[in-house]
Amino acid sequence: MKKLVVITGASSGFGMELAKKFAQDGYPLLLLARRVEKMEEMNLPNTMCKKVDVTDFESFEKAVREAEEVYGKTDLIVNNAGVMLLGSIDKQDPQEWKTMLDVNVLGVMNGMKVVMDDMKERKTGTIINVSSIAGLQPFGNHAAYCASKYGVTGLTAVARQEMSPHNVRVVSINPGAVTTELLGHTTDQSIIDGYNEWKESVGAVNIKAEDVATTIKFAYELPQGVLLREIVITDTRQDA
Ligand code: NDP
């Protein structure tokens with residue numbers, strides 16, 4: 001049996017595509033998100049689905065330990081769960097900033113902490129954090145989202161330094177715009193419309209969630225001694 005893969009945010013978008021791809025190749029899975037029914041509906045083999053909010057360290061850790069009892073130690077965690085609530089700094093509700101920083105930054109740190117000690121001890125393992133191109137450069141109406149994703153970029157780089165002496169790989173992937181449910185949680189409809197118009201106008205509509213999932217799986221399936229440190233993946237026609 002292959003080793004355990006943990007995927008956060010597996011109830012839609014990149015996480016759901018990742019779950020399908022890893023399941024097709026026979027990996028045992030632990031899928032985490034709040035909408036557990038969406039993960040269960042996929043009906044994947046050797047898969048445990050748990051309702052976990054990644055900001056809650058205790059329930060996150062409990063779910064991972066339960067899956068490890070059944071499938072053995074975690075070999076890969078993809079810290080993918082995230083939210084994007086776009087808005088300008090002066091107008092956006094500060095509660096939305098807080099939600100993004102809690103989920104996108106602290107949720108990723110929780111995921112790393114749950115597996116790191118054990119990976120260090122076993123001298124193997126892989127952590128893949130989903131940041132964003134908005135973790136590398138600014139975009140309008142993205143201030144708090146950029147703050148959260150620059151945070152992921154920074155913490156991933158430090159974790160890579162901490163973990164490389166232990167033969168543990170830490171990867172960051174920075175996707176550009178890809179159509180998923182992500183934009184739908186933004187509360188300002190004019191910002192949603194503007195974002196969609198920009199995507200259409202540059203023709204950035206070809207890349208799919210499954211392309212991102214294929215790339216993450218490729219990075220993982222390289223030999224343990226080979227680290228694809230940072231990946232930037234966008235639609236060919238995305239111009240920023
Ligand atoms: P989706 O909105 O389709 O998926 C987000 C996932 O995160 C859902 O499964 C959601 O599940 C989960 N999630 C959100 N909040 C929490 C929480 N508190 N606890 C547990 N799970 C949570 O978006 P994408 O697939 O597009 O996004 C995945 C990642 O990729 C995110 O980190 C996003 O920032 C990043 N990204 C996406 C880009 C894009 O254009 N699509 C571009 C660059 C980066 P549930 O609601 O059931 O809890």
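This tour moves through a predicted model, from the N terminus to the pockets and then to the aromatic rings.

**The N terminus**

Select Met1, which is placed in the segment before strand S1 (4–8). Met1 has a relative accessible area of 73% and is therefore exposed, the threshold for that class being over 50%. Leaving aside residues up to four places away in sequence, display Pro28 and Asn46, which Met1 touches. Then draw a distance from Met1 to Arg229: their C-alpha atoms lie 27 Å apart, with the two residues separated by 228 residues along the chain.

**The largest pocket**

Next, centre the view on Gly82, Val83, Met84, Thr180 and Leu182. Of the 50 residues that line the largest pocket, these lie closest to its centre. The volume of this pocket is about 1,000 Å³. To see which elements surround the pocket, colour helix H1 (13–24), strand S2 (29–33), helix H4 (94–122), helix H5 (143–163) and helix H6 (189–202), each of which supplies at least two residues of the lining. Helix H6 gives the largest share of that lining, with 6 residues. Colouring the lining of the largest pocket by residue class shows 24 nonpolar, 20 polar and 6 charged residues.

**The second largest pocket**

Move now to the second largest pocket, which holds about 270 Å³ of space. Select Met109, Met112, Lys113, Val114 and Met116, the closest to its centre of the 15 residues that line it. Helix H3 (57–71), H4 and H5 each provide at least two residues of this lining. The largest share, 8 residues, is supplied by H4. By class, the lining of the second largest pocket comprises 8 nonpolar, 1 polar and 6 charged residues.

**An aromatic pair in helix H6**

Turn to the aromatic side chains; the whole structure contains 4 aromatic pairs. For one of them, show Tyr195 and Trp198 as sticks: their ring centres are 5.8 Å apart and their planes meet at 65 degrees, so the pair is edge-to-face, a class that requires an angle over 60 degrees. Both residues belong to helix H6, and because they are 3 residues apart there, about one helical turn separates them.

Colour the two residues by accessibility: which is buried and which is partly exposed? Tyr195 is buried, since its relative accessible area of 16% falls under the 20% limit. Trp198, at 24% relative accessibility, counts as partly exposed.

Keep Tyr195 selected and display its contacts. Apart from residues up to four places away in sequence, Tyr195 touches Met84, Leu86, His142, Ala177 and Leu183. Among these, Met84 has already appeared on this tour as one of the residues closest to the centre of the largest pocket. For a longer view, draw a distance from Tyr195 to Val36; the C-alpha atoms are separated by 29 Å, and the residues are 159 apart along the chain.

**A ring cluster with lysine neighbours**

Finally, select Phe22, Tyr27 and Tyr220, which ring pairs link into a cluster. Add Lys2 to the view: its charged end sits over the ring of Tyr27, 4.7 Å from the ring centre. Then add Lys217, which lies over the face of Phe22 at 5.9 Å from the centre of that ring. With these two lysines displayed beside the cluster, the tour is complete.

Technical notes. Residues numbered from 1 in each chain as written. Predicted model: local features only at pLDDT ≥ 70, side-chain atom pairs only at ≥ 80, totals over all residues. Heavy atoms only, no water. 1 Å grid on protein atoms, 1.4 Å probe; cavity = no way out; pocket = protein on both sides within 12 Å on 5 of 7 lines; lining within 4 Å. Points joined across faces, edges and corners; volume = space filled by probe spheres on them. Helix = DSSP H or I, 4+ residues; strand = E, 2+ residues; numbered from the N terminus. Nonpolar A, V, L, I, M, F, W, Y, C, P; charged D, E, K, R; others polar. Phe/Tyr/Trp six-rings, centres within 6.5 Å; stacked < 30°, edge-to-face > 60°. Buried < 20%, exposed > 50% of the residue type's maximum accessible area, 1.4 Å probe, protein only. Lys NZ or Arg CZ within 6 Å of the ring centre and 35° of its normal. Contact = heavy atoms within 4.5 Å.
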